[in-house]
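Visitor: I've got a structure to look over with you. Could we walk through a pocket and what sits around it?

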Amino acid sequence: MAIAASNNKPNSDANLFRLCPFWSSSGNAQNQTEGNAQKTSKTVSSVARSLLLPPRRRLRLDPSNHLYFPYEPGKQVRSAVRLKNTSKSRVAFKFQTTAPKSCYMRPPGGILAPGESVIATVFKFVEQPENNEKLSDQKNKVKFKIMSLKVKEGVDYVPELFDEQKDLVTVERVLGVVFLDPERPSPALEKLKRQLAEADAAVEARKKPPAETGPRVAAEGLVIDEWKERREKYLARQQVQAVDSV
């Protein structure tokens with residue numbers, strides 16, 4: 001009897017494992033569960049980063065949040081903003097405004113090399129106040145959006161770049177408008193004057209012809225070779241000395 005009981009025990013154990021198959025595969029199931037959990041965690045973390053973390057800025061703006069304009073109703077006034085490429089790549093930039101009929105930018109866009117900066121001038125027509133509205137009561141709804149796009153070496157700027165690669169475009173800033181009293185000195189007004197003067201100087205510098213690096217050209221179009229000119233003077237002196245010696 002004891003022998004019979006001993007022979008039946010393995011069969012009963014086998015039946016028990018067949019009734020509970022998850023015991024024998026618990027190790028594999030646990031590994032699959034952990035793998036799926038890791039994949040889910042990575043997916044959730046990537047989605048969270050895209051939703052919570054702001055896009056990396058390529059440009060540094062000065063001023064960074066507003067465009068300052070002198071308040072002169074009925075006139076076209078100017079503001080300025082410095083854009084500097086703080087990335088390690090070439091970056092295209094582009095301006096947009098909610099009031100294209102009364103505002104425009106110069107330049108409206110361009111490409112900056114790493115570390116390069118430019119001062120953009122913004123022109124705006126200031127409407128006449130309504131019902132003797134004061135400067136402190138002025139609320140301007142005009143906004144200016146500055147966008148950036150990483151570009152490769154050799155790419156020239158065209159506005160269509162931002163339409164062709166809109167998924168890669170970063171909105172750097174949306175700037176509001178702040179009016180300044182031109183008759184009341186303030187740090188913001190002084191800074192604006194300095195930036196406008198620097199922008200005007202840069203425009204004038206671009207208008208000047210490039211410096212001449214080749215041979216000089218006379219008024220009638222004669223190319224003057226400086227070395228030839230020196231040689232002719234030297235030969236003339238030699239001839240004068242020869243005559244004097246005779």
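**Pocket and core**

Guide: Sure, and keep in mind that this is a predicted model. The second largest pocket is lined by Arg 56, Arg 57, Arg 58, Thr 86, Ser 87, Lys 88, Ser 89 and Lys 150.

Visitor: How many charged residues are in the lining of the second largest pocket?

Guide: Arginines and lysines appear in that lining, along with Thr 86, Ser 87 and Ser 89. The pocket holds about 150 Å³ of space. By class, the lining has no nonpolar residues and 3 polar ones, and the charged count is 5.

Visitor: Is Asn 85 buried or exposed?

Guide: Asn 85 belongs to strand S3, which covers residues 76–85. Setting aside residues up to four places away in sequence, Asn 85 touches Arg 58, Leu 59 and Pro 114, among others. The cut-off for buried is under 20% relative accessible area. Asn 85 comes in at 1% relative accessibility, so it counts as buried.

Visitor: With which side chain does the side chain of Asn 85 make a polar contact?

Guide: One residue of the pocket lining is the partner here. The two side chains are 2.7 Å apart in this polar contact, and the partner of Asn 85 is Ser 87.

Visitor: How many residues has the largest nonpolar core?

Guide: Leu 59, Phe 69, Leu 83, Phe 95 and Phe 144 have the most contacts inside that core. Strands S1, S2, S3, S4, S5, S7, S8 and S9 each supply at least two of its residues. Apart from it lies another core of 7 residues, Met 147 among them. The residue count of the largest nonpolar core is 25.

Conventions:
Residues are numbered from 1 along each chain as its sequence is written. This is a predicted model: local features need pLDDT of at least 70, side-chain atom pairs count only at pLDDT 80 or more; totals for chains, interfaces and linings use all residues. Side-chain values use heavy atoms; hydrogens and water are left out. On a 1 Å grid over the protein atoms alone, a cavity is a set of points where a 1.4 Å probe fits but cannot get out, and a pocket is an open set with protein on both sides within 12 Å along at least five of seven lines; lining residues have an atom within 4 Å of a point. Grid points are joined across faces, edges and corners, and a volume is the space filled by probe spheres set on the points. Ala, Val, Leu, Ile, Met, Phe, Trp, Tyr, Cys and Pro count as nonpolar, Asp, Glu, Lys and Arg as charged, and the others, Gly among them, as polar. Helices (H or I, at least four residues) and strands (E, at least two) are DSSP runs, numbered from the N terminus. Buried means under 20% relative accessible area, exposed over 50%, partly exposed in between (1.4 Å probe, protein chains only). A polar contact is a pair of N or O atoms within 3.5 Å; within protein, one must be able to donate a hydrogen and the other to accept it, and residues adjacent in sequence count only if both atoms are side-chain atoms. Contact means heavy atoms within 4.5 Å. A nonpolar core is a set of buried Ala, Val, Leu, Ile, Met, Phe, Trp, Tyr and Cys residues joined through side-chain atoms within 4.5 Å.
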